[in-house]
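Reader: I am new to this model and would like a close look at one part of it, with the terms explained as they come up. Please begin with a pair of helices and then go on to the spaces in the structure.

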Amino acid sequence: MKYDNLMDRILDLDNLRIAYRKVVSNDGSAGIDGINVKELKDHLKANMLSIIVSLRSGRYMPQAVLGKPIQKSTGGTRLLGIPTTTDRVIQQAIHQVLSPMWEEEFSEFSYGFRPKRNAGQALSQGLEYINAGYQDVIDLDLKSFFDEVNHDKLMGLISKKISDKTLLQLIRRILESEIVIEGKYQKRRKGAPQGGPLSPLLSNILLNEFDVELSRRGHKFVRYADDCSIFLRSKRSALRVLTSITHYLDCTLKLKVNAEKTSICRPVNFELLGHSFTSTYKKGEKANTD
């Protein structure tokens, strides 16, 4: 099913009020315009009518996002992109309309940034696989995922479900908004930096293609945002699968596997979302999935 005329639902005043309250409750830093969440209400009162008119007509241009590198717990940095508070409201309003449309087709083994799903469920599923004898785990690391998202690939997936040209144009503009790092403006031809309300949904839309492919191949897996673990019964199988999925990700989704941080490991040295595992599985005995 394709959806049209979605801007009417996005710009519905009740939807915008909910989006505003969500942005305020999340707090967060101001974007490049310096308007923080405490100042947002007055800003929107003065400007919301003209913003809605420009959004409805397709003339709205999101402002550049403020880029802030943050340290990753696993080492290295990840670029946080902070939209203005006004653009966060707009992104949140879009998210509230689009998310239910994709939820119905997202994988049951995807747990990140989704309603009624959490890290604890991902850990429980991983433990269930391990205790069922899937003892060779591909701990997959996607190279700078949020910096590498291919815009054309992502927009192609979105346009399979959405035919509203004004909305499609707006999402593309959000993706292509310049990023300001240490005062310097940089154009973006790829990537969806974390920091905006829409980025998690867009990442799930893209990576759901990976989930579908893994399920089609019959693999056991757990994915939380861009963290993915695949559970196999032998190291030989794991090596074969790692080679084939690396090719799939590169050629089909235009994503790179970080070979240095990707490994095949046993439960004793495997961590998922910062948690380690103790297996109760013994070869030849009935699996314990408690």
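How are α3 and α4 set to each other, parallel or oblique?

Author: This is a predicted model, in which local features need pLDDT of at least 70 and side-chain atom pairs count only at pLDDT 80 or more, while totals for chains, interfaces and linings use all residues. Residues are numbered from 1 along each chain as its sequence is written, and side-chain values use heavy atoms, with hydrogens and water left out.

Helix α3 covers residues 37-57 and helix α4 residues 85-103 (helices are DSSP runs of H or I with at least four residues, strands are runs of E with at least two, and both are numbered from the N terminus). Their axes, which are lines fitted to C-alpha atoms over the stretch in contact, come within 9 Å and cross at roughly 60°. α3 and α4 are therefore oblique to each other, since angles between N-to-C directions run from 0 to 180 degrees and those under 35 count as roughly parallel, over 145 as roughly antiparallel, 65 to 115 as roughly perpendicular and the rest as oblique. On the α3 side the contact (heavy atoms within 4.5 Å) is made by V37, L40, H43, L44, I51 and L55, and on the α4 side by T85, T86, R88, V89 and I90. By class, seven of these residues are nonpolar, three polar and one charged (Ala, Val, Leu, Ile, Met, Phe, Trp, Tyr, Cys and Pro are nonpolar, Asp, Glu, Lys and Arg charged, the others, including Gly, polar).

α4 also takes part in the linings of empty spaces, two or more of its residues lining the second largest cavity, as is also true of α8. On a 1 Å grid over the protein atoms alone, a cavity is where a 1.4 Å probe fits but cannot get out, a pocket is an open set with protein on both sides within 12 Å along at least five of seven lines, and lining residues have an atom within 4 Å of a point. This cavity has a volume of about 70 Å³, and α4 gives the most to its lining, with three residues. Among the residues that line it are D87, I90 and Q91.

Q91 is also one of the residues nearest the centre of the largest cavity, together with I174, R188, P193 and S199. That cavity holds about 120 Å³ of space, and α8 (165-176) and α9 (199-216) each supply at least two residues of its lining.

Conventions. Points joined across faces, edges and corners; volume = space filled by probe spheres on them.
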